[in-house]
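Hi,

Here is the structure for your files. Please look it over; notes on the cysteines and the cavities follow.

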Amino acid sequence: MPEPRDPKPASVHTTRANEAFGATLRFDDDGDWERATRGLVTTHPTGAFDGPLGTAWDVAEYDFLRDEEQAPASVNPSLWRQGRLNAVHGLFEVADGIWQCRGYDISNITFIAGTDGWIIIDPLTTATTASACLELANTNLGERPVTAVIYTHSHADHYGGILGVTSHEDVDAGNVRILAPEGFLREAVSENLIAGPIMGRRAFYQFGMLVTPGPFGHIDCGLGKTIPRAMGDLIGPTEEISVTGTELDIDGVRVVFQNTPGTEAPAEMNFMFPDHRTLCIAENCTHTLHNALPFRGAQVRNTLDWSKYIQEAIEVFVDATDTVFSTHNWPRFGNADARRYLEQQRDLYRWLHDQSVRLMNHGNTPREIAEQLEMPECFASQSHTRGYYGTISHNSKAVYQRYIGWYDGNPANLNPHTPEAGGARYVEAMGGADQVVAKARTSFDEGDYRWVVELLNHVVFAEPDHEEARLLQADAYEQLGYQAESGPWRDSYLMGALELRTGMKGLGLGIRAVSDELTVEMLFDLVGIRLDDAAVAGETATINWRFTDVGEDHVLGLDNCALHLRPDRHVAEASVTISTTKARLADLLRGDIDLDALLADSTVDGDDGPIRTIFGTLDSFSGIFGIVEP
């Protein structure tokens, strides 16, 4: 018998559910395995890469997927299939002069042979994985210097490995061009720094980062295996693309761009290599239904515009396209296959948008819409439109949120109690915690796991030390995870089970690395989100800042418990002027130096009290807080 805190096998209800689910899978196109393995040049000799935190990536962790075609009872058979496809790894030829490394990060890195060197598309999440893939390409395709890097969009798994393929020095010297869509740096900062602490904590659930790979653990993220265990970096773009139809010569290679803002990322672009008849569709089309709102958090994506931009790509590029590749999963080959793939992806996001809005306008709430919407057979029969990453359920709620917001219109939900306060009242109304647990155990034995976790959520938030409730809820989360087709759903359920069994509340990552690429205004935005309003109540300040390394003047003000910034200004009424560098301010916000060190390294004209008022009371974020418990 397993110990109470050990993973449990699939229950009879889960086994039957997965068997029934598998019996419904009828894909019209079963060519994914050929596509995923086509053009293999070589595999990495070990597939294991060491990083600063230990092993950053090891393909051997997923050998269990390669060894078994049949899904075990503890894994949804559709997710098992996707996991096996994403476990294929190596260096692949995509088209003449274009290669990809896949399976060595959650994302793909693409190499295009230019006249003088490599043009690289999306240098992965970390320098560790990116440098290993560049070495693999150089070893097997002939060594070339990197002459250009293209960021398709503003998500960290598409730029974080930049220092694995180039350096600040080479970029500053003009040896390497870095191209990105308009607004790239602003959006990368907004998503990864301003909301970094909460997003980083929630990402552990979305990607199952502490869930051990295996039949009872992590299988796949839908887009790829998992996130590498190493931090990313950032070098800002040297050129931004703002106009669709822009054509550039990049190291002798013609590239035609399509700007697609507000699709899968706030700043994103597709682009065509006309001489190669090959289209990079970025992450706007992958081999899964994507997220309209990921579990980690982000801006809600505009699924209507998303669909329209795919249609624009079809009109502008497809007649001259033989190959379509994405920055995740595997390519599509041949004009007919490429066209049909893009058309189905286009229609998927339009259907999701239109049907969610239709039901919304009938007065349905997000939960009701999610229960009513069923994927039509035209999408269910195509593997690339199924919910391995996003799902119809949570994406329809995101569409609702984009238009209507969090409130469903029912005044009972306008100002509910907190989970702790509400949980205590629910538990009391149901006769006490032991009574609720008894009812939940009966529902567990009947296989009604959704109801079990809803019931026991009240007990855990009312009495977080109630051991029986915690362990039973963990067991129910686990069975829900075993049944999930979506990788993030499985990982979120299994992370919930893990934390209930162990009491873990995060790893204390805090705010993500503050890059020197940030502008002064961006750095002061980070100061603002750390300002403790209670600590500065009644205080005012006006501070002139001069940043000598970037030649900028700013006025930072404090009033009404909030900061305000006036760029490109100095004012006579300021009580103090500080002359320092942007780099030192970034060091302070990173925690590399303290306030006394900053002041000692700076020229301060006037009383430094206002500076200490603001910077001496900044809040800090540990990243350690409860999700499935208080």
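Cys280 cannot form a disulfide in this predicted model, because its sulfur is 11 Å from the closest cysteine sulfur, in Cys285, too far for a bond. Cys280 is also buried, with a relative accessible area of 0%.

Cys133 is another one to look at. A search of the whole structure finds zero disulfides. Cys133 is accordingly in none, and its nearest cysteine sulfur, that of Cys101, lies 3.9 Å away. A disulfide needs the two sulfur atoms within 2.5 Å, so this pair does not count as one. Cys133 is buried too, at 1% relative accessible area.

Now the cavities. There are two of 30 Å³ or more.

The largest cavity has a volume of about 120 Å³. Its lining is made up of 16 residues. Those nearest the centre are Asn86, Arg102, Gly103, Asn108 and Asn329. By class, the lining of this cavity has seven nonpolar, six polar and three charged residues.

The second largest cavity comes to about 50 Å³. Two stretches of sequence are worth selecting here. Ala56, Trp57, Asp58, Val59, Glu61 and Tyr62 are among the lining residues. Thr226, Ile227, Pro228 and Arg229 also line the second largest cavity. By class, that lining has six nonpolar residues, one polar and three charged.

Best wishes

Definitions and conventions:
Residues are numbered from 1 along each chain as its sequence is written. This is a predicted model: local features need pLDDT of at least 70, side-chain atom pairs count only at pLDDT 80 or more; totals for chains, interfaces and linings use all residues. Side-chain values use heavy atoms; hydrogens and water are left out. On a 1 Å grid over the protein atoms alone, a cavity is a set of points where a 1.4 Å probe fits but cannot get out, and a pocket is an open set with protein on both sides within 12 Å along at least five of seven lines; lining residues have an atom within 4 Å of a point. Grid points are joined across faces, edges and corners, and a volume is the space filled by probe spheres set on the points. Ala, Val, Leu, Ile, Met, Phe, Trp, Tyr, Cys and Pro count as nonpolar, Asp, Glu, Lys and Arg as charged, and the others, Gly among them, as polar. Buried means under 20% relative accessible area, exposed over 50%, partly exposed in between (1.4 Å probe, protein chains only).
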